[in-house]
Amino acid sequence: MRFTVIGCSGSMPGPASPASCYLVQAEHEGRTWSIALDLGNGSTGPMRSFLDPIDLDAVVLSHLHPDHCLDVCSLYVAINYTPGRSRESRMPVYAPPGAHERLGRAYGVEQPENLDGRYEFVDLVARRPFTVGPFTITPVPVFHPVEAYGLRVEADGAVLAYTGDTDICPELSELCADADLVLADCAYVDGRDDSEGVHMSGSKCARAALDAGGVKRLMLTHIPAWNDPEVCRAQAAAIWPGDVEIARPLATYDL
Ligand SMILES: [Zn+2]
Ligand SMILES: [Zn+2]
């Protein structure tokens, strides 16, 4: 299994990256399978350096804040209007309940059902795994102002644990236990941001990964343009015993 950081800018696009989106790929039955974890604003642009987003096998949305889902609208345009190209089947979009209506409104269709010609919306259910090709994906509820899930993705014997947006919470242990890599929301800075139930700081990311047990790599992501990533890294490194990695736009990681 490998994943590519398509977008890692927290809360909105930044100068070097769109908002949240991670392309996860694995070989299976003679071809490459590709899923997107989140499809934040701007993400379908740089995704084209790796594959035409029309060819994704599925989209999985951690929650319905715009920086995690708005490019579902851009993808709808691509599926409908790319000259000479389309899809044989509807694209599965796994998302918290309400995605259908929300994204229909964002696109501007009066009847959200109009999106059904291209998308098949499937509600995420806490702790109920589902499969897409070689991937088994388990949504774990996390601590954010709206219904939100961390996504535990397993394939080829490897585990990627993506926290989505969350404050530290006990559920992060079931999400992250024994993960080969934890991709953790680090929008907050210790000493500056203290509201509960929204995001983690570097120290909270490290604490969550340590408490889960067996985590091999810790990577900070969702760092907004107004943060200094090295401050986030230092706050995590004070607790995490190994290297603290920072997600880099367009970088690919093998797990
Ligand atoms: Zn976010
Ligand atoms: Zn959010």
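**Notes on a two-zinc site and its surroundings**

1. Let's start with His63: its relative accessibility is 0%, so this residue counts as buried. Bear in mind throughout that this is a predicted model. His63 gives its NE2 atom to the zinc ion (ligand 2), and the other donors there are His65 through ND1, His144 through NE2 and Asp165 through OD. Those contacts run from 2.2 to 2.4 Å. His65 isn't tucked away like that: with 23% relative accessibility, it counts as partly exposed, since buried would need a value under 20%.

2. What sort of arrangement do the 4 donor atoms make around the zinc ion (ligand 2)? Irregular, because the angles they subtend spread from 91 to 165°. A tetrahedral call would need all angles between 85 and 135 degrees. If you want to find the donors of the zinc ion (ligand 2) in the sequence, look for the spacing H-x1-H-x78-H-x20-D.

3. Now the other metal. The zinc ion (ligand 1) is held by Asp67 (OD), His68 (NE2), Asp165 (OD) and His222 (NE2), with distances of 2.1 to 2.2 Å. Here too the arrangement comes out as irregular, because the 4 donor atoms subtend angles of 89 to 164°.

4. You'll have spotted Asp165 in both donor lists. This residue bridges the zinc ion (ligand 1) and the zinc ion (ligand 2), and the two ions sit 3.6 Å apart.

5. The sequence pattern for the zinc ion (ligand 1) reads D-H-x96-D-x56-H. Which parts of the chain do His68 and His222 tie together? His68 belongs to helix H2 (residues 66-69), while His222 is in the loop between strand S12 (218-221) and H7, so the pair links parts that are 154 residues apart in sequence. Both of these histidines are buried.

6. H7 deserves a look for its packing as well. Helix H6 (residues 202-212) and helix H7 (residues 229-237) have axes that come within 7 Å and cross at roughly 40°. The two helices are therefore oblique to each other, as an angle under 35 degrees would be needed to call them roughly parallel. The crossing of H6 and H7 is right-handed. On the H6 side, Gly202, Ser203 and Ala206 make the contacts; on the H7 side they meet Cys232, Gln235 and Ala236.

7. Two backbone spots are worth checking. Most residues other than glycine have a negative phi. Glu29, though not a glycine, has a positive phi of about 50°. Asp38 is another non-glycine residue with a positive phi, in this case near 70°.

8. Where do those two residues sit? Glu29 is in the loop between strand S2 (21-28) and strand S3 (31-37), and Asp38 is in the loop between S3 and helix H1 (44-47). Is each one buried or exposed? Glu29 counts as exposed because its relative accessibility is 69%. Asp38 counts as buried, because its value is 0%.

9. One last residue to look up is Ser74, which is part of helix H3 (residues 71-81). Its relative accessible area is 32%, so Ser74 is partly exposed. Ser74 and Glu29 are 45 residues apart along the chain, and their C-alpha atoms are separated by 30 Å.

Technical notes. Residues numbered from 1 in each chain as written. Chains lettered and ligands numbered in written order. Predicted model: local features only at pLDDT ≥ 70, side-chain atom pairs only at ≥ 80, totals over all residues. Heavy atoms only, no water. Donors = N, O, S within 2.8 Å, 3.2 Å for Na, K, Ca; no water. Tetrahedral: all angles 85-135°; square planar, octahedral: opposite > 155°, others 65-115°. Buried < 20%, exposed > 50% of the residue type's maximum accessible area, 1.4 Å probe, protein only. Axes fitted to C-alpha atoms, helices over the stretch in contact; angles between N-to-C directions. Helix = DSSP H or I, 4+ residues; strand = E, 2+ residues; numbered from the N terminus. Parallel < 35°, antiparallel > 145°, perpendicular 65-115°, else oblique. Left-handed = near helix turned anticlockwise from the far one by under 90°. Contact = heavy atoms within 4.5 Å.
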